[in-house]
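The following report describes one protein chain together with its ligand, taking the surface, the metal site and the core in turn.

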Amino acid sequence: MTTEATRGHTFDGIQEFDNRLPNWWLWTFYGACLFSIGYWVFYHTIGVGELPSEAYAIEQEAAAARLAKQLAENPIDDAALLKLSKEPAFVAAGERIFKNPAKCALCHKPDASGNIGPNLTDDMWIYGGKPMDIYTTIAKGRAADPANGYMGGMQSWEHEGLQFVLQTTAYVLSIKNTNVPGKAPEPNAKKEQ
Ligand code: HEC
């Protein structure tokens, strides 16, 4: 198959052989052409196949439906949150989020002993230390209400998704009453076990 014939041009003294393309190469090329026709017809012309973005959207919808069903069957309440706070893997996921310097640790410190936000390891709570209170604080945030002595500054985290809120709630519940020395309780905080 190799010939000594050249293409007849010379660049800087370099010549090019005029060899046939090898068959194995040609067959992969023809194969790719055939495959692309099949692919185009299957996915685009008659549209039987799901393109990756469609498959992804369908999966997301199914996951949202599963979550909605799960929530309808097991509503989020104090008991459910307490149970989650005893699941080590779930709490560990919450801890990773909490200690992320751009997330909770930014204002509460990585050890949750308080900085801009209050110490979350004591038994003093501004908005209540019951599981649903903590869940609501994290999900909805707490806006300033100076007339009633609330400084606010805790943002809502709902946009991060339910899993994020549940995991961080579980983590805060797991460190509650561990009493890490840090920021003194806010004047409007109340004692709560
Ligand atoms: C930008 C700063 C900031 C970030 C980030 C932040 N917090 Fe807060 N957090 C605050 C402030 C300030 C308060 C107190 C609000 C007040 O006094 O009205 C607060 C209050 C709280 C409370 C209620 C404490 C109580 O005594 O009732 C909880 C629980 C809490 N944060 C958890 C979290 C978690 C979990 C995260 C991460 C997902 C987080 N915070 C991220 C600033 C922040």
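## Surface, iron site and core

Tyr 30 lies in helix α1, which spans residues 23–45, in what is a predicted model. With a relative accessibility of 39%, Tyr 30 counts as partly exposed, because the buried class ends at 20% and the exposed class begins over 50%. Tyr 30 also belongs to a nonpolar surface patch that it forms with Leu 21, Trp 24, Trp 25, Trp 27 and Phe 29, and together these residues have about 730 Å² of accessible area.

Which protein atoms are the donors of the iron atom of the ligand? They are NE2 of His 108 and SD of Met 154, lying 2.0 to 2.2 Å from the iron. His 108 is in helix α5 (residues 105–108), whereas Met 154 is in the loop between α6 (131–140) and α7 (162–175), so the pair ties together parts that are 46 residues apart in sequence. Around the iron atom there are six donor atoms, which subtend angles of 87 to 178°, and the arrangement is therefore octahedral. The two protein donors compare as follows in their accessibility.

| Residue | Relative accessible area | Class |
|---|---|---|
| His 108 | 10% | buried |
| Met 154 | 24% | partly exposed |

Turning to the interior, the largest nonpolar core has 22 residues, and those with the most contacts inside it are Phe 98, Leu 120, Ile 134, Ile 138, Val 165 and Val 172. Two or more residues of this core come from each of the elements α4 (88–99), α6 and α7, and α7 gives the most, with eight residues. In soluble globular proteins, nonpolar side chains tend to be buried together.

Note on methods. Residues are numbered from 1 along each chain as its sequence is written. This is a predicted model: local features need pLDDT of at least 70, side-chain atom pairs count only at pLDDT 80 or more; totals for chains, interfaces and linings use all residues. Side-chain values use heavy atoms; hydrogens and water are left out. Patches are made of residues with over 30% relative accessible area and no salt bridge: like charges are joined within 9 Å, nonpolar side chains (Val, Leu, Ile, Met, Phe, Trp, Tyr) within 5 Å. Accessible areas come from the Shrake-Rupley method with a 1.4 Å probe; for residues, only the protein chains shown count as cover. A salt bridge is a side-chain nitrogen of Lys or Arg within 4 Å of a carboxyl oxygen of Asp or Glu. Helices (H or I, at least four residues) and strands (E, at least two) are DSSP runs, numbered from the N terminus. Buried means under 20% relative accessible area, exposed over 50%, partly exposed in between (1.4 Å probe, protein chains only). Donors are N, O and S atoms within 2.8 Å of the metal (3.2 Å for Na, K and Ca); water is not among the atoms, so sites may look incomplete. Four donors count as tetrahedral if all angles lie between 85 and 135 degrees; four count as square planar and six as octahedral if opposite donors are over 155 degrees apart and all others between 65 and 115; anything else is irregular. A nonpolar core is a set of buried Ala, Val, Leu, Ile, Met, Phe, Trp, Tyr and Cys residues joined through side-chain atoms within 4.5 Å.
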